[in-house]
Amino acid sequence: KSLYRSNLWLTFKRSSKNWTDAPTYFFEFGPDWWRYGLGYYSASRTTMTLFRDTIRDNPAHFLRTAACLTPGFALEGESYKRPLLKEPAALADWYNRKSFAAIHESQDISTLFTSELVQLLRKGFEQLAPLYHFLMEIEAQKRRTALD
């Protein structure tokens, strides 16, 4: 293990005491790669339960929202060893994760040193906006639940 960090991670998030449990746009790079996307650093059980309940209650709406990942983004995040849901597969891929992020990765380091990077990130973040708005609805549900 190195004494030094070999990567830099930037987040574009709302100010929050529990920022790891809120949807976050991010950009990260290392010596020979870079990536960006949207997701959770570490979603809580409460957040993921609300997320699962929401996608289970209206799967068609969620799958239309999740279609914003294509082209260019992959769903990442640790899944449970025993699936919570097996079918439909497209929904199960989201449902069975402990936390998740939609990520675009590249090894083209030269892009980092061009003005093209800003436009590429803007376009990618705009592409993910439907998912961000969906996840912010989960945040609103959490706040309403906390008030009850």
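Does Asp-57 count as buried or exposed, and what is its relative accessibility? At 60% relative accessibility, Asp-57 counts as exposed, because the cut-off for that label is over 50%. Keep in mind as we go that this is a predicted model.

Asp-57 has a partner, too: it forms a salt bridge with Arg-56, with the closest N and O atoms 3.6 Å apart. Arg-56 has a relative accessible area of 45%, so it falls in the partly exposed class, which lies between 20% and 50%.

That pair is part of a bigger tally, since the count of salt bridges here comes to 10. Let's look at another one, between the side chains of Lys-142 and Asp-21, where N and O sit 2.9 Å apart. Lys-142 belongs to helix 5 (residues 129-147), while Asp-21 is in the loop between strand 1 (8-12) and strand 2 (24-30), so this salt bridge ties together parts that are 121 residues apart in sequence. Both Lys-142 and Asp-21 are buried.

Next up is Glu-28, which makes a salt bridge with Arg-35; their closest N and O atoms are 2.8 Å apart. Glu-28 has a relative accessible area of 9%, so it counts as buried, the cut-off being under 20%. There's a wider web around this pair: Glu-28, Arg-35, Glu-76 and Glu-105 are linked in a network of salt bridges.

Now back to helix 5, this time with helix 2 (residues 59-66). The axes of these two helices come within 8 Å and cross at roughly 140 degrees. That angle makes helix 2 oblique to helix 5, because only angles over 145 degrees would count as roughly antiparallel. On the helix 2 side, the residues that meet helix 5 are His-61, Phe-62 and Thr-65, and their counterparts in helix 5 are Pro-130, Leu-131 and Phe-134. Sort the residues of this contact by type and you get 4 nonpolar, 2 polar and no charged.

Two of those names come up again in the largest nonpolar core, which has 34 residues: Phe-62 and Leu-131 are among those with the most contacts inside it, along with Phe-51, Leu-69 and Trp-94. Many elements chip in, with at least two residues each from strand 2, strand 3 (33-39), helix 1 (45-57), helix 2, helix 3 (89-95), helix 4 (116-127) and helix 5. Helix 5 gives the most, with 7 residues.

To finish, take a look around Phe-51. Leaving aside residues up to four places away in sequence, Phe-51 touches Phe-62, Trp-94, Phe-100, Phe-134, Leu-135 and Ile-138.

How values were computed. Residues numbered from 1 in each chain as written. Predicted model: local features only at pLDDT ≥ 70, side-chain atom pairs only at ≥ 80, totals over all residues. Heavy atoms only, no water. Salt bridge = Lys/Arg side-chain N within 4 Å of Asp/Glu carboxyl O. Helix = DSSP H or I, 4+ residues; strand = E, 2+ residues; numbered from the N terminus. Buried < 20%, exposed > 50% of the residue type's maximum accessible area, 1.4 Å probe, protein only. Axes fitted to C-alpha atoms, helices over the stretch in contact; angles between N-to-C directions. Parallel < 35°, antiparallel > 145°, perpendicular 65-115°, else oblique. Contact = heavy atoms within 4.5 Å. Nonpolar A, V, L, I, M, F, W, Y, C, P; charged D, E, K, R; others polar. Core = buried A, V, L, I, M, F, W, Y, C linked by side-chain atoms within 4.5 Å.
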